[in-house]
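Student: I would like a close look at one part of this model: the packing in its interior, and the charged pairs that go with it. Could you walk me through that part in one go?

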Amino acid sequence: MSFSVNTNVGAMVALQNLNSTQSSLMTTENRINTGMKVASAKDNAAVWAIAQGQRAVSSSLNSVVSSLQRGQSTVDVALSAGTSVSDLLNQMKEKALAAADTTLDTASRSALNDEFTSLRDQINKVVNNAVFNGANMIKSGGTTVQALANADATAVITVAAQDLSLGGTVLTTSLGTGATINTVTSATNMIATVNSAITAVSSAMGKLGTGDKALASHLTFIQSLQNTIDAGIGNLVDADLAKESANLQALQTKQQLGIQALSIANQSSSVLLGLFR
């Protein structure tokens with residue numbers, strides 16, 4: 001081995017190793033600071049691109065979740081109002097049955113008719129107030145819910161509107177705004193009409209209930225899918241902090257040894273001075 005004042009090979013090697021250690025240390029410290037092993041494209045371009053694509057999907061699913069929840073709330077309001085309509089019809093049937101009694105006097109029949117018409121008019125009040133976020137599913141010409149079903153907006157879950165207004169498609173024209181029980185004949189006929197209306201409302205409620213269940217089921221799936229995608233992104237880019245902590249300790253020790261090795265290598269030139277004493 002030759003000795004040279006101009007070229008200190010040992011110092012050069014020690015410096016190269018120290019720089020390599022320093023670079024690895026910076027990478028480890030960055031992973032610990034960010035909690036990510038792939039924080040940008042320069043860390044791993046392919047993995048970063050995949051993660052960004054999946055982040056876009058996960059972000060889009062937030063809109064799907066919001067759409068499904070909004071649709072669910074709209075249907076829930078319609079179901080609540082539909083239950084009220086069904087209850088009102090049951091009370092109307094009770095009044096019609098009472099009014100069909102041929103032994104009633106005029107005053108009693110008139111009182112029953114007043115109660116009946118009040119219940120009848122209450123139906124439209126309930127229907128017209130069944131609004132959520134500007135949407136009403138049970139009025140005439142009501143809103144059909146079409147909630148987003150995927151992140152591309154290429155599929156929707158549809159829950160059809162049900163017209164529960166007086167004289168509408170569900171209650172039929174027989175139970176319109178002019179329905180009364182002021183005579184024995186009208187009361188007797190009204191019993192069958194209200195029975196039919198109760199059955200029709202129950203059927204409409206069944207359709208709304210089925211739609212609500214479909215929205216709830218798909219919402220659960222989308223939330224689970226989003227969680228799975230987020231976990232997948234984490235698997236791609238998140239750092240193993242336990243591993244990085246161990247690496248940090250090792251690299252810091254290696255850095256200290258590298259500094260010492262460089263210091264020793266730098267002192268080797270001073271040995272040459274002894275040759276000229």
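Tutor: Happy to; what follows is a tour of the core, then the salt bridges, then a buried polar residue and the first helix.

Please keep in mind that this is a predicted model. The mean pLDDT of the protein is 87, with 92% of the residues at 70 or more. Confidence peaks in strand β2, at a mean of 96, and is lowest in helix α6 (residues 271-274), where the mean is 64.

Let us begin with the core. The largest nonpolar core holds 54 residues, and the members that touch the most others are L89, I123, I138 and L175. Two or more residues of this core come from each of α2, α3, β1 (145-148), β2 (156-159) and α4 (184-237). I138 is a good place to zoom in. Beyond four places away in sequence, its contacts include A78, A81 and G82, then V127 and A130, and also L208. Polar and charged residues belong to the list of I138 contacts as well, among them Q162, D163 and S165.

Now for the charged pairs. The structure has 2 salt bridges. In one of them, the side chains of K95 and E115 meet at 2.8 Å, N to O. K95 sits in helix α2 (residues 45-99) and E115 in helix α3 (residues 106-128), so this pair ties together parts that are 20 residues apart in sequence. K95 is buried, at a relative accessible area of 16%, whereas E115, at 38%, is partly exposed. The other bridge joins R120 to D121, whose closest N and O atoms are 3.0 Å apart. R120 counts as buried because its relative accessibility is 8%, under the 20% cut-off. Its partner D121 is partly exposed, with a relative accessible area of 33%. In both bridges, then, the basic residue is buried and the acidic one is partly exposed.

Next comes a polar residue, Q226, which lies in helix α4. Q226 is buried, with a relative accessible area of 11%. Apart from neighbours within four places in sequence, Q226 is in contact with S58, L61, N62 and V65. The C-alpha atoms of Q226 and V57 are 8.3 Å apart, although 169 residues separate the two along the chain.

Finally, let us turn to α1. A second, separate core of 5 residues includes A11, A14 and L18, along with A265. A11, A14 and L18 are also among the buried residues of α1, as are T21, L25 and T28. How far apart are the end C-alpha atoms of this helix? They are 38 Å apart, which agrees with the 38 Å that 26 residues (9-34) should span at 1.5 Å a residue. After α1 comes G35, which has a positive phi, near 75 degrees.

How values were computed. Residues numbered from 1 in each chain as written. Predicted model: local features only at pLDDT ≥ 70, side-chain atom pairs only at ≥ 80, totals over all residues. Heavy atoms only, no water. Helix = DSSP H or I, 4+ residues; strand = E, 2+ residues; numbered from the N terminus. Expected span 1.5 Å × (residues − 1). Buried < 20%, exposed > 50% of the residue type's maximum accessible area, 1.4 Å probe, protein only. Salt bridge = Lys/Arg side-chain N within 4 Å of Asp/Glu carboxyl O. Core = buried A, V, L, I, M, F, W, Y, C linked by side-chain atoms within 4.5 Å. Contact = heavy atoms within 4.5 Å. pLDDT = per-residue confidence, 0-100.
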